[in-house]
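I opened my notebook for a friendly look through this one. My notes follow in the order I looked things up.

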Amino acid sequence: MNPKLKAMLDAINAKKQEVKNLVTENKIEEATAAKNELIDLQAKFDLVYDLEDAETKIELENIKEGNAIVISDKTGENKFADAARTGFKNAYTGGSEGVAA
């Protein structure tokens, strides 16, 4: 969950606790006003969450269809490091492709 949604969720939970405390203190009018604020906070959260969820679904569809953008390919250094990690069992050929030894 992104930080903005997390902050909104924290605010919602704090407002819920405030409403409960006001009811316990028998401050019904204030509790009603706080509950209306809670409803507004929840509606905002739902809207932002739905937008985030829609973006995530689009990204997942792009991945499934093979339309995802590759951020970076492995460089020669990455290939060498991978070969070193495996004890050079699958010999590293970076830098010597197409060169006769």
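What percentage of the 101 residues of the protein chain count as buried? I found that 12% of the 101 residues do. A reminder to myself before going on: this is a predicted model.

**Entry: the fold**

I looked up the secondary structure next. The protein chain has 3 helices and 0 strands. Following the sequence, I wrote the pattern down as α-α-α.

**Entry: helix α1 on its own**

I started with α1, which runs over residues 3–24. I noted 22 residues in α1 and a reach of 32 Å from its first C-alpha to its last, close to the 32 Å expected at 1.5 Å a residue.

Then I asked myself which residues of α1 are buried. My list reads L5, M8, I12, K15, V19 and L22. These residues cover an arc of only 105° around the axis, so they sit on the same side of α1. I also checked the other side of α1, where P3, K20 and T24 are exposed. I was pleased to see a lysine in each list: K15 is buried, whereas K20 is exposed.

**Entry: K6**

I stayed in helix α1 for K6. Is K6 buried, partly exposed or exposed? K6 has a relative accessible area of 42%, and because the partly exposed range lies between 20% and 50%, I filed K6 as partly exposed. I also looked up a C-alpha pair: K6 and F45 are 39 residues apart along the chain, and their C-alpha atoms are separated by 9.5 Å.

**Entry: the loop after α1**

N26 caught my eye in the loop between α1 and α2. Its phi is near 65°, a positive value in a residue other than glycine. I looked up the accessibility of N26 too, and the value is 60%. The cut-off for exposed is over 50%, so N26 counts as exposed.

**Entry: α1 against α2**

For the pair, I wanted two values, since packed helices are described by the angle between their axes and the distance between the axes. How do the axes of helix α1 and helix α2 cross, and within what distance do they come? With α2 covering residues 28–64, I noted that the two axes come within 9 Å and cross at roughly 160°. The cut-off for roughly antiparallel is over 145 degrees, so α1 is roughly antiparallel to α2. I recorded the crossing of α1 past α2 as left-handed. Last, I sorted the contact of α1 with α2 by class: 15 nonpolar, 1 polar and 8 charged residues.

Note on methods
Residues numbered from 1 in each chain as written. Predicted model: local features only at pLDDT ≥ 70, side-chain atom pairs only at ≥ 80, totals over all residues. Heavy atoms only, no water. Axes fitted to C-alpha atoms, helices over the stretch in contact; angles between N-to-C directions. Helix = DSSP H or I, 4+ residues; strand = E, 2+ residues; numbered from the N terminus. Parallel < 35°, antiparallel > 145°, perpendicular 65-115°, else oblique. Left-handed = near helix turned anticlockwise from the far one by under 90°. Nonpolar A, V, L, I, M, F, W, Y, C, P; charged D, E, K, R; others polar. Buried < 20%, exposed > 50% of the residue type's maximum accessible area, 1.4 Å probe, protein only. Expected span 1.5 Å × (residues − 1). Arc of directions from axis to C-beta.
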